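Me: I'd like to learn how to read a structure one feature at a time. Can you walk me through this one?

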Amino acid sequence: MDKGEPAVFTLDKTKMPRCRRLFQLLLFAVFVLYMGLLFYHNYYSRGSLSQQVPLKGRPLLKKHIFERTLSQQPSINDQYENGLSTEVSSATATIRPPATTLDDVFISVKTTKSYHSSRLPIILKTWFQLAKRQTWFFTDTDDEEFQLKTNGHMINTNCSSSHNRKALCCKMSVEFDTFLNTDKKWFCHFDDDNYVNVPRLVRFLADYNPREDWYLGKPSIQAPLEIVSKDKKSQMVRFWFATGGAGFCLSRALALKMMPLASDGKFISIGERIRLPDDVTMGYIIEHLIKKPLTVIDEFHSHLEPMKFIRKDLIEQQISFSYAKLKEEWNVVRIDGIDEKFDQNRFLSLHCFLFPRFNFCPNRRKK
């Protein structure tokens, strides 16, 4: 090339196929990497769903059906008595909830001075023996005798001993605040005419995640309650509530959301404003104010329903029972066992049916 002439570059055509192949390999590698990342994301994101979206309509209904027979494997309560694990996974859950044990549950029993001698002894003799450290009694007086019998688990709420709206809300307020001051995952309220199948309760709660909002119980009415609310302006509001006479449970996550509205005595104020008792006030706060629906659990039972229709072969699956003395007969579970003269509410016979190893059971099963 002579000096002064512009430089001319020519393309070597023999190298073009090699460059094209390299470029194609690079595109293929990028494509494979992208597809790999896409597959990884889709596969592992399936496990991130922690709950199912409920169907429209309230209250939510969840029935627990266990596909087993008593002859096929040990009963739930036999496993409980023998110290075996009662942990199960939900048949409908996508992810197994955190393990739930009896120590995760705070059980409160509402009572009053006039019922200490007539209602508490049968509880202390039966199901309380299975949850001594987890069960607390909320009353309206000091009682040294039953304070000793409950191992110091009787709390004087200093509420009125009457059965009016304010007295009931007062006791529920103390129950709720006492639970919040613990590290328990579940708050379960019952009345002093309830029998609680403790191992069934724990097994039942194992199907739910306490880090999610759960209001579990059973209504005593056939349609949502309608009241005139005066929160900001007068308006008709409709909501469900779980009857306290059958018992209900709240997850800790939901209870924490309720704190600004219900803790430190504010529960009583809301009850007075809507002029309704404790269990209705609880439903009003949760369903109307916080907008969390009641999940109906058929295995809770109150004296407002006929106990005699609970089938014997389904008793072990129930969570709570109750009783009532009617004019002509007792509304009780129909079950054989101890003579009715000594067991009119049938709680002794019920307990012996579930836990026959107790020493007062007539047909005590040998270990």
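Me: Let's start with a helix. Which residues of α5 are buried?

Reply: Keep in mind that this is a predicted model. To call a residue buried, look for under 20% relative accessible area. In α5 that picks out A167, L168, C169, C170, K171, M172, S173, E175, F176, D177, F179 and L180. That's 12 of the 16 residues, so α5 is largely enclosed by the rest of the structure.

Me: How many residues of α10 are buried, and which ones?

Reply: Seven of the eight residues in α10 (residues 347-354) are buried, so that helix is largely enclosed too. The buried ones are F347, L348, S349, L350, H351, C352 and L354.

Me: Back to α5. What span should its length give, and what does the model show?

Reply: The general idea is a rise of 1.5 Å a residue, counted over one less than the number of residues. For α5 (residues 165-180) that predicts 22 Å, and the end C-alpha atoms sit 23 Å apart, which agrees. While you're there, check the start of the helix: a side-chain oxygen of N164 comes to within 3.4 Å of the backbone nitrogen of K166.

Me: Now charges. How many salt bridges does a search of the whole structure find?

Reply: It finds 15. What you look for is a side-chain nitrogen of Lys or Arg within 4 Å of a carboxyl oxygen of Asp or Glu. One of them pairs R165 with E272, with the closest N and O atoms 3.1 Å apart. R165 belongs to α5 and E272 to α8, so this pair ties together parts 107 residues apart in sequence. R165 is partly exposed at 24% relative accessibility, and E272 is partly exposed at 30%.

Me: Are the partners in the D191 and K110 salt bridge buried or exposed?

Reply: D191 and K110 are both buried. Their closest N and O atoms are 3.9 Å apart. D191 is in strand β5 and K110 in strand β2, so the pair ties together parts 81 residues apart in sequence. Shared partners also join K110, D191 and D278 into one salt-bridge network.

Me: What about loops? Where is A131, and what does it touch?

Reply: A131 is in the loop between α3 (116-125) and β3 (135-139). Loop residues can be checked for burial just like any others. A131 comes out at 0% relative accessibility, so it counts as buried. Leaving out residues up to four places away in sequence, it touches L102, I107 and V198.

Me: Which non-glycine residues with a positive phi should I look at?

Reply: Try N151 and R275. N151 has a positive phi of about 60° and is in the loop between α4 (144-149) and β4 (154-156). R275 also has a positive phi of about 60°, and its loop runs between α8 (266-274) and α9 (278-289). At 57% relative accessibility, R275 counts as exposed.

Me: Last one, the surface. Which residues form a nonpolar patch there?

Reply: F28, F31, V32 and M35 do, with about 410 Å² of accessible area together. M35 is part of helix α1 (residues 16-44). Here's the general idea: an α-helix has 3.6 residues a turn, so residues three or four places apart point the same way. As for exposure, M35 counts as partly exposed at 38% relative accessibility.

Methods: Residues are numbered from 1 along each chain as its sequence is written. This is a predicted model: local features need pLDDT of at least 70, side-chain atom pairs count only at pLDDT 80 or more; totals for chains, interfaces and linings use all residues. Side-chain values use heavy atoms; hydrogens and water are left out. Patches are made of residues with over 30% relative accessible area and no salt bridge: like charges are joined within 9 Å, nonpolar side chains (Val, Leu, Ile, Met, Phe, Trp, Tyr) within 5 Å. Accessible areas come from the Shrake-Rupley method with a 1.4 Å probe; for residues, only the protein chains shown count as cover. Helices (H or I, at least four residues) and strands (E, at least two) are DSSP runs, numbered from the N terminus. Buried means under 20% relative accessible area, exposed over 50%, partly exposed in between (1.4 Å probe, protein chains only). A polar contact is a pair of N or O atoms within 3.5 Å; within protein, one must be able to donate a hydrogen and the other to accept it, and residues adjacent in sequence count only if both atoms are side-chain atoms. Contact means heavy atoms within 4.5 Å.
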